[in-house]
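Q: Please take a close look at one part of this model: its buried interior. How do the pieces pack together there?

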Amino acid sequence: MIIIKKIGRNDTCLCGNGKKYKHCCLLTKEAKEQEQRNKKRLSLFDEFLFIQDPRDNRGKRYLLMDLLIMVIYGLLNGKSDFENIAYFLKLKEKYFKKLLKIEKTPSHDCLSDLFAVIDPKEFMDVFVEWTKNQIEKKTGYIVAIDGKATKSARDKIKGENTPYILSAYLSEIGISVGQLKTGKKSNEITAIPDLLKIIDVAGNYITIDAIGTQENIANTIVGLGGHFVLKVKDNQKNLHDDLKIYFEETNKEEIKTHITEKEKNHGRIEQREYYLSNNVACIRSKKKWKSVNAIGMIRVYRQVGEKLTVEEQYYIMDDTIDINMFIKTTRSHWNIECGLHWRLDVILNEDHSRNRVGHSISNLSTIRKIVFNLIKLDKSLGNISFNKKLTHYQDNLALIENLLFNIIPEVA
């Protein structure tokens, strides 16, 4: 029987050149292993390699990719800001030293300083491209656009406004596809066209609440090859009045109609009547709303106890869609509230994030949406809720590692 002695790091290398193993073939072996680890890591976020790293190469201790991965681990473990993420990484330092081959985990200042100076537009462009590559079908989707405040990021001492993040949400799949930071709620009107130019609009239906019912926004959507379903309120009073009069007085034969069954939900009973017409001659300022080719109304009956309320909602569309698509788009729009915003606030603690230096708000919000999408795309845990998936990830580093380096690359 031949006994093969295991070679030690300080033993003479077996290749015969007289050097110690650690200064010879071990380096080649470790280099190959590191290369394989890098390939495994980069396969998840190939697109993020194109982000311009603003740090000085002198004294740079961490790869940008590794810092992004560590922040994702922190967010998946319920940490809401860089201070808590850094503390979590320190507690798990042994694991990350082995996983990423780093000397020690980064400090709060290291994370905060980096993500404060990364160009948020470039970061978002890369995020949008990465998201597109996770989706096979490119057209026919409903994309809801809406804004949300990041309350704890407001600097109360300096009297600053609460920052708003304007988000685009793919309603059917339930993932985030883009965002922009605005100074306040009213800035959404000017930010929406910029967001539209970032995301994939062509062939998709864009839904926005009444704040986005502006002629330049409608024209931008059509110009990018998309379709719009926009809600009309008193911020466009003349248009609102035109639609109201039309649906009150017009011969119902030219209007498509659908009435839903009564729905019982959270102690209330609701029923909806849908009305859709391709006759847009009622719009007096048709030159202004030249891209409108269909109009709609929804009458909502809502009963709570003995009290019955009736609400009428009006819409404009560029496409002569059928009534089923009208129902689908208007119902899907509100998925962004419970499907994205609520989960970001309540489950991923976005409202408790206090990072506000430089571009930290935008960039951390982007990473949080990466995490959101990762969770939504993970089918390995079966058909369980978003919150239950997050419970599985917390304090289970092996499960997160499997998610990042095995499951998602296969999905892509």
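A: Start with the contacts, where a contact means heavy atoms within 4.5 Å. Take the contacts in the chain with a separation of 6 or more: 60% of them are between residues 24 or more positions apart.

This is a predicted model, so local features need pLDDT of at least 70, side-chain atom pairs count only at pLDDT 80 or more, and totals for chains, interfaces and linings use all residues. Residues are numbered from 1 along each chain as its sequence is written, and side-chain values use heavy atoms, leaving out hydrogens and water.

The chain has 412 residues, and 49% of them are buried. Buried means under 20% relative accessible area, exposed means over 50%, and partly exposed is in between (1.4 Å probe, protein chains only). The secondary structure comes to 14 helices and 10 strands. These are DSSP runs, numbered from the N terminus: helices (H or I) have at least four residues, strands (E) at least two.

Now the cores. A nonpolar core is a set of buried Ala, Val, Leu, Ile, Met, Phe, Trp, Tyr and Cys residues joined through side-chain atoms within 4.5 Å. In soluble globular proteins, nonpolar side chains tend to be buried together. The largest core here has 57 residues. Phe48, Val71, Ile72, Tyr73, Leu76 and Phe96 touch the most other members. Helix H2 (residues 64-76) gives the largest share of this core, 11 residues. Another core, of 37 residues, lies apart from it. Leu170, Val201, Ile217 and Ala218 are among the residues of that other core.

Phe96 shows how such contacts look. Beyond four places in sequence, Phe96 touches Met70, Tyr73, Phe88, Leu89, Lys101, Ile102 and Thr105. One of those partners, Lys101, lies in the loop between helix H4 (93-100) and H5. Lys101 is partly exposed, because its relative accessibility is 48%. Its phi is near 55°, a positive value in a residue other than glycine.

Next comes Phe115, in helix H5 (residues 108-117). Phe115 counts as buried because its relative accessibility is 1%. Its C-alpha atom is 9.7 Å from that of Leu67, and the two residues are 48 apart along the chain. Setting aside neighbours within four places, Phe115 is in contact with Leu68, Val71, Phe82, Phe123, His359, Ser360, Asn363 and Ile367.

Move to Ile206, in strand E4 (residues 205-208). Ile206 is buried because its relative accessibility is 0%. Ile206 and Phe228 are 22 residues apart in sequence, yet 4.7 Å apart in space, C-alpha to C-alpha. Beyond four places in sequence, Ile206 touches Val143, Ile145, Leu196, Val201, Ile221, His227, Phe228 and Val229.

Helix H11 (residues 335-347) has a bend of about 35° at His341. A bend is the angle between axes fitted to the seven residues ending there and the seven starting there. The buried residues of H11 are Ile336, Gly339, Leu340, His341, Arg343, Leu344, Asp345 and Ile347. They pack against three strands and three helices: E1 (142-149), E2 (164-170), E3 (175-182), H10 (323-333), H12 (360-377) and H13 (386-393).

A polar residue can be buried too. Gln236 sits in the loop between strand E5 (227-232) and helix H9 (237-249). Gln236 counts as buried because its relative accessible area is 11%. Its side chain makes a polar contact of 3.4 Å with the side chain of Gln214. Another polar contact, also 3.4 Å, joins the side chains of Gln236 and Lys288. A polar contact is a pair of N or O atoms within 3.5 Å; within protein, one must be able to donate a hydrogen and the other to accept it, and residues adjacent in sequence count only if both atoms are side-chain atoms. Leaving out residues up to four places away, Gln236 touches Thr213, Gln214, Lys288 and Trp289.

For contrast, look at Asp395, in the loop between H13 and helix H14 (397-411). Asp395 is exposed because its relative accessible area is 64%. Asp395 has a positive phi of about 60°, although it is not a glycine.

Last, confidence. pLDDT is the predictor's confidence in each residue, from 0 to 100. The mean pLDDT of the chain is 83, and 82% of its residues reach 70 or more. Residues 1-5 stay under 50, and the model gives them 0 contacts beyond four places in sequence. Residues 153-159 are also below 50, but this stretch has 12 contacts in the model beyond near neighbours in sequence.
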